[in-house]
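Me: I would like a close look at one part of this model, with a little background on the whole chain. Could you walk me through it?

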Amino acid sequence: MLKEDTLILSFESSCDETSVAVIKNGNEILSNIIATQIKSHQRFGGVVPEVASRHHVEEITKCIQMAMDEAEVSYDDLDAVAVTYGPGLVGSLLIGIMAAKTVAFAHNLPLIKSNHLAGHIYSASFVTELKYPFMALLVSGGHTELVYVKAPGDFETLGDTRDDAVGEAYDKIGRVLGINYPAGKEVDRLAGIGKDTFNFPRAMVQEDNLDFSFSGLKSAFINTVHHADQVHEELNKADLAASFQGAVLDILVNKTFRALKTHPVQQLVVAGGVAANQGLRKRLASEIETRKLDMDLIFPPLRLCGDNAAMIGAIAQIQYDKKDFADLTVNADPSLDF
């Protein structure tokens, strides 16, 4: 490694992925180990916090060794250790935090506490150089937000979800359709072959704000399916999925382009687990072309849309450059926002 290169060992354990990565200069992935727990949670239809925590304990040490081996670095090569400290499940966060503290203490390395949401946004830095200011649409299982990023690490939340996050809504309606957790990918696939015939509500699109609400849409969907079951009517799953996704995309697109009108930028970053949704990718690209906007649409690679430690290494580089270090008293903040 060149002396001026910065190597950060980063940890992510906010939910049901145990991940450790080695990131060079904030934009090059030397390793990004992800141990997923999906199969353990599928039978419950969602993440069980106690189960998730136990899996993190079992996997974290192995992930550290694998990340170091794959990156072909030693602890002496590292410049800092970074870890997600929120938001997320408190038990899961604590496993990553304790592991990161241990490595930082044992090897006398500075510790960086990073925001999971900021990490998702900065996963885009592995695709291209980010130009400030830029807009971020953050769509995941726990969050739906419009964030204006004015400068490196400087965030302004323009709109947030008032109830269910978009990814959460996908999982809940997927359960009604008999789709295993996580349901987003299969609902997206079905939506691609179905038609929007049910005209589900588009909540808050006429209100003078940039906030989101998906609870009413979720309830309308579930009520439609339950009523059909009661009267022994068989509904087309693909059409149901297309109708649900059509409403979701209308809401996301409406709010996003209203935000872009008041905050014009050169780049729109879409991040979080739902950024992998093919319908969303196509719709946003189409809208930008139709509106003739001179703006780049940036999605992280599919493998970086879900939770991973590489994204924590990306935001941690900005904090490292600012010497924004934490001490060993850092604790989990499960409700952290920007």
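How far apart are the mean positions of the positive and negative charges of the chain? And in which helix is T256 found?

Reply: Happy to help! This is a predicted model, so local features need pLDDT of at least 70 and side-chain atom pairs count only at pLDDT 80 or more, while totals for chains, interfaces and linings use all residues. Residues are numbered from 1 along each chain as its sequence is written, and side-chain values use heavy atoms, leaving out hydrogens and water.

To your first point: the mean positions of the 30 positive and 45 negative charges lie 4 Å apart. Here Lys and Arg count as positive and Asp and Glu as negative, without His or the chain ends, and each charge is placed at NZ of Lys, CZ of Arg, CG of Asp or CD of Glu.

Now to T256, which is found in helix α8 (residues 237–262), one of 10 helices in a chain that also has 10 strands. Helices are DSSP runs of H or I with at least four residues, strands are runs of E with at least two, and both are numbered from the N terminus. T256 is buried, because its relative accessible area is 0%; buried means under 20%, with a 1.4 Å probe and protein chains only. Across the chain, 56% of the 338 residues are buried.

What surrounds T256? Beyond its neighbours within four places in sequence, T256 is in contact (heavy atoms within 4.5 Å) with L137, L146 and L268. For the chain as a whole, 74% of contacts between residues at least 6 apart in sequence join residues at least 24 apart.

Terms used
Buried means under 20% relative accessible area, exposed over 50%, partly exposed in between (1.4 Å probe, protein chains only).
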